[in-house]
Amino acid sequence: MALPILVTGPSRSGKSEWAEHLAQNHPSVIYIATGKENAADPDWQNRIQQHRDRRPLQWQTVCVDQHLTDTLATLPPGSCALVDSLGGWVANTLELSPEQWRTKQMDFITFVADLQNVPITIIFVAEETGWGVIPAYPLGRIFRDRLGALTRQLGGLCSQVYLVTGGYAVDLRQWGEPLPPSRD
């Protein structure tokens, strides 16, 4: 059974391209897009189009908002899912209360932990938001904190954890030491 893979890094580092590279040899790839289209933001629409243009035509695309875990639970055996990105998913859940978010986060982490018995490959892409300035507004800090905590938890469950930066992808599980469990 394949364990999940996490690809993380700062903005414009190539993490999506690396994740696509990892998925390209699978016969059945389902690209799970979490970013919402926004016709009022041409730059965002351009970024979405760049991702579409890079994907092979035979890859199936599924768009999700808050229902990532439910979508992953329906994947057919033998498939490969590329989730791009966890930041989009977290952004789609910002209106949830802290208690609602904890429940959704724990459901997701429990699902991923149980993947050891499922014949699918899932590649998660996550943004490293903590490398920038501290957000000046509360919603930005909530986003950064939720995504950071989720990525840390997920990293401990993945067979490979790639950091993509400076034109390189480094498998942190191979070269790094895991942190002790978080007390948060």
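User: Which way do β1 and β6 run relative to each other, parallel or antiparallel?
Analyst: They run parallel in this predicted model. Strand β1 covers residues 5-9, strand β6 covers residues 160-165, and four bridges join them.

User: Which residue is the bridge partner of Thr8 in β6?
Analyst: That would be Leu163.

User: And β6 with β7, parallel or antiparallel?
Analyst: Antiparallel, with four bridges joining β6 to β7. One pair to look at is Thr165, whose bridge partner in β7 is Tyr168.

User: How many residues sit between the strands in that hairpin?
Analyst: Two. Check the backbone at Gly166 while you're there: this glycine takes a positive phi near 60° in the hairpin of β6 and β7.

User: Okay, surface stuff. Which residues form the nonpolar patch?
Analyst: Tyr168, Val170, Leu172 and Trp175. Together they have about 480 Å² of accessible area on the surface. The elements giving two or more residues to the patch are β7 (168-171) and α7 (172-175). So Tyr168 turns up twice in our chat, as the partner of Thr165 and as a patch member.

User: What about Val170, where is it and what's its relative accessible area?
Analyst: Val170 is in strand β7. Its relative accessible area is 34%, so Val170 is classed as partly exposed.

User: Switching to charges. How many salt bridges does the structure hold?
Analyst: Four. Let me take you through some of them, starting with Glu20 and Arg54, where the closest N and O atoms are 2.7 Å apart. Glu20 lies in helix α1 (residues 15-23) and Arg54 in helix α2 (residues 42-54), so this pair ties together parts that are 34 residues apart in sequence.

User: Is Glu20 buried or exposed?
Analyst: Buried, because its relative accessible area is just 8%. Arg54, on the other hand, is partly exposed at 33%.

User: What does Asp43 pair with?
Analyst: Asp43 meets Arg47 in a salt bridge, 3.2 Å from N to O. Both residues lie in helix α2, four residues apart, which is about one turn of the helix. Asp43 comes out partly exposed at 45% relative accessibility, and Arg47 is partly exposed at 30%.

User: And Glu99, what's its partner and how far apart are the closest N and O atoms?
Analyst: Glu99 forms a salt bridge with Arg102, and those closest N and O atoms are 3.7 Å apart. The cut-off for a salt bridge is 4 Å, so that separation falls within it.

User: Where in the fold are those two?
Analyst: Both lie in helix α5 (residues 98-113), three residues apart, again about one turn. Glu99 is partly exposed with 49% relative accessible area. Arg102 also counts as partly exposed, at 46%. Exposed starts over 50%, so neither Glu99 nor Arg102 reaches that class.

User: Last topic: where is Thr93?
Analyst: Thr93 is in the loop between α4 (86-92) and α5.

User: Buried or exposed?
Analyst: Buried, because Thr93 has a relative accessible area of 0%.

User: Which residues does Thr93 touch?
Analyst: Leaving out residues up to four places away in sequence, Thr93 touches Gln66, Trp101, Lys104 and Arg146.

How values were computed. Residues numbered from 1 in each chain as written. Predicted model: local features only at pLDDT ≥ 70, side-chain atom pairs only at ≥ 80, totals over all residues. Heavy atoms only, no water. Patch = residues over 30% accessible without salt bridge, like charges linked within 9 Å, V, L, I, M, F, W, Y side chains within 5 Å. Areas by Shrake-Rupley, 256 points an atom, 1.4 Å probe, with all protein chains shown as cover. Salt bridge = Lys/Arg side-chain N within 4 Å of Asp/Glu carboxyl O. Buried < 20%, exposed > 50% of the residue type's maximum accessible area, 1.4 Å probe, protein only. Contact = heavy atoms within 4.5 Å. Pairing = 2+ DSSP bridges.
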